[in-house]
Amino acid sequence: MKILVCVKRVVDHTMHIRVKADGSGVDTANMKTVMNPFDEIAVEEAVRWKEKGLASEVVVLSIGPKQSVDTIYAGLAMGADRGIHLNVDSLPDPPGAAAAIRAVVNEEQPQAVFLGKQAVDDDCCQTGQMLAALLGWGQGTFASAIIKEGEALKVTREIDGGREVVLLPLPAVVTVDLPLNEPRYASLPSIMKARKKPVRIIAPELSAERRLEVLKVAEPPRRKPGKRVGSAAELIACLENETEALS
Amino acid sequence: MKTLMIVEQRGGEPASDTARVLCAAKQLGGPVDALVFGEGAAAAAKRVAGFPGVENVMVALGDSLKDGLAEPAAEFLSGFVENHEAVVVSASRFGKNLLPRLAALLGVPQVSDVTRILSADTFERPIYAGNAIETVKLAAFPKLLTIRATAFESAPETGGAAAVRQTTWDGTNTLSRFIGFIPSLQEGAELGSARTVVAFGRALETRENVETLIMPLVKELNAAVGATRAAVEAGLAPNDWQIGQTGRIIAPELYIGVGLSGAVQHTAGIRGAKTIVAVNIDESAPIFSMADYALVGDLHTVIPELIAAFRQKK
């Protein structure tokens with residue numbers, strides 16, 4: 001089976017981001033960018049399936065400006081076979097991304113689409129579910145295990161209070177969570193080799209319609225400065241006298 | 001101008017954050033109807049009918065809805081929500097799984113993790129792990145919102161008397177099948193609703209240290225236990241103990257973080273805590289910059305001292 005993996009280029013989550021002074025957004029210029037960490041887990045899973053003979057081909061797809069092609073090459077260095085880059089100047093919102101991915105799915109006809117459970121920049125957690133709905137496919141969100149059972153996927157989902165197991169007839173969409181696997185580091189030879197793998201660049205017609213308008217972006221409220229305490233006893237005295245934490 | 005609140009329930013028990021989601025729903029300004037479905041929905045509906053401020057409770061019955069799966073629920077809801085201006089659900093895993101699917105079926109965008117309602121169409125939500133707050137205006141019908149419950153006040157759960165009505169959906173679901181649910185081994189109180197939370201990081205080093213240092217403190221304080229992503233990745237804690245951007249978002253009265261540096265990924269989940277206590281051997285640990293009380297010291301000596309001091313206080 002063919003697996004399509006969607007990867008997003010995001011600001012490295014260890015970077016300290018700055019809100020622009022005019023409140024128009026987050027200043028991402030000159031920030032180190034990486035593949036969204038959850039998308040990396042999705043690529044790793046698909047590549048392992050290929051190595052185990054469960055998948056015949058792994059295709060990585062990214063939507064974004066021309067630099068997004070680096071994110072695709074990162075996926076190819078991990079072992080994916082080829083890439084597709086939807087080259088757009090500004091990032092679509094989740095409904096726009098889902099619609100663009102659907103168009104690729106209709107053309108490529110993969111049996112499964114793997115994505116990260118959320119992107120660590122906009123923290124929306126929507127695209128996978130929206131894609132599944134648009135395609136009319138089942139969705140296994142927050143996956144911590146994916147097993148192929150005949151013509152279906154058995155997906156273990158990390159949900160509040162425990163784990164849920166669902167069976168999704170193929171084709172299906174799976175969004176992956178942290179415990180699924182630990183992504184590999186690409187070796188230098190595989191990074192070199194990836195550069196020779198094919199990447200198709202498409203300039204898609206994305207709908208410019210935005211029904212969700214960002215009015216402003218601001219710094220979060222700051223907490224009052226705290227204080228040092230010298231001992232456990234002093235801490236408890238403070239908690240008792242200055243807060244309602246222990247009442 | 002009605003709002004529909006979708007209530008997560010398990011075995012007849014509404015999710016513990018339901019009153020907070022209701023608080024957000026009421027702020028939208030219109031009357032609030034509630035919807036429950038899944039095994040035990042009738043019992044849950046009775047409970048929800050008692051929440052003051054709920055006008056009507058709808059129980060959705062039907063074979064394919066009983067397991068709470070998103071595929072049939074979204075399809076059912078896409079035909080059900082038409083009389084509602086807004087649809088809200090907790091930004092729990094349940095809500096995050098369901099609402100985007102409904103949004104796509106309806107062809108509308110969704111606002112995730114709403115932390116503040118400024119008006120019926122303008123909302124605040126955190127981005128970049130809470131390092132920035134976005135104000136968004138939504139021009140869509142209906143307006144679909146997932147609510148970060150910890151950002152809203154809790155409210156009484158009894159005293160109301162909403163009408164309970166039933167509807168049956170006979171649609172089928174061929175896209176997914178429920179196989180089973182494995183509850184997590186809960187140690188201590190429930191993370192999402194506990195008054196006190198003790199969280200630990202990678203500095204605990206071994207599971208034995210977690211058992212002999214952290215768990216007695218958790219027990220002494222009747223607290224819930226949580227962990228950082230680094231601790232989960234190091235195998236010190238199961239994934240569902242994870243607090244942070246991609247784990248649980250908590251807002252306890254008291255949070256005690258032990259042996260954790262305060263990575264943005266983690267602190268994104270504790271901003272709502274009333275009082276933050278941090279214990280770390282490293283004076284320059286970032287967690288100290290957001291802690292109300294900072295205790296610099298070796299956790300191996302500080303934790304037993306804390307346990308003894310809390311015990312003495314009783």
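1. Let me start with the interface: chain A and chain B bury about 6,700 Å² between them, and carbon and sulfur atoms give 56% of that area. Three residues stand out on one side, since Asp160(A), Arg211(A) and Arg223(A) supply 11% of the area that chain A buries against chain B, more than any other three residues. Please keep in mind that this is a predicted model.

2. In residue terms, the contact draws 74 residues from chain A and 80 residues from chain B. Polar pairing runs across it too: 42 residue pairs are in polar contact. Among the elements giving two or more residues to the chain A side are helix H1 (37–51), strand E9 (138–149) and helix H6 (232–242) of chain A. The largest share of that side, eight residues, comes from E11(A).

3. Four salt bridges are found across the interface of chain A and chain B. You may like to look at the side chains of Asp177(A) and Arg93(B), which form a salt bridge at 2.8 Å, N to O.

4. Arg93(B) also turns up among the residues touched by Thr246(B), a list that includes Phe38(A), Lys117(A) and Gln118(A) from chain A. Thr246(B) sits in the loop between helix H6 (229–233) and strand E16 (254–258) of chain B. Is this threonine buried or exposed? Thr246(B) counts as buried because its relative accessibility is 3%, under the 20% cut-off.

5. For contrast, have a look at Met192(A), in helix H5 (residues 188–194) of chain A. Its relative accessibility is 54%, so Met192(A) counts as exposed. Together with Leu188(A) and Ile191(A), Met192(A) makes a nonpolar surface patch of about 320 Å².

Methods
Residues numbered from 1 in each chain as written. Chains lettered and ligands numbered in written order. Predicted model: local features only at pLDDT ≥ 70, side-chain atom pairs only at ≥ 80, totals over all residues. Heavy atoms only, no water. Patch = residues over 30% accessible without salt bridge, like charges linked within 9 Å, V, L, I, M, F, W, Y side chains within 5 Å. Areas by Shrake-Rupley, 256 points an atom, 1.4 Å probe, with all protein chains shown as cover. Helix = DSSP H or I, 4+ residues; strand = E, 2+ residues; numbered from the N terminus. Buried < 20%, exposed > 50% of the residue type's maximum accessible area, 1.4 Å probe, protein only. Contact = heavy atoms within 4.5 Å. Buried area = accessible area lost by both parts, 1.4 Å probe. Polar contact = N/O pair within 3.5 Å; in protein donor to acceptor, adjacent residues only side chain to side chain. Lists of a residue's contacts leave out its neighbours within four places in sequence.
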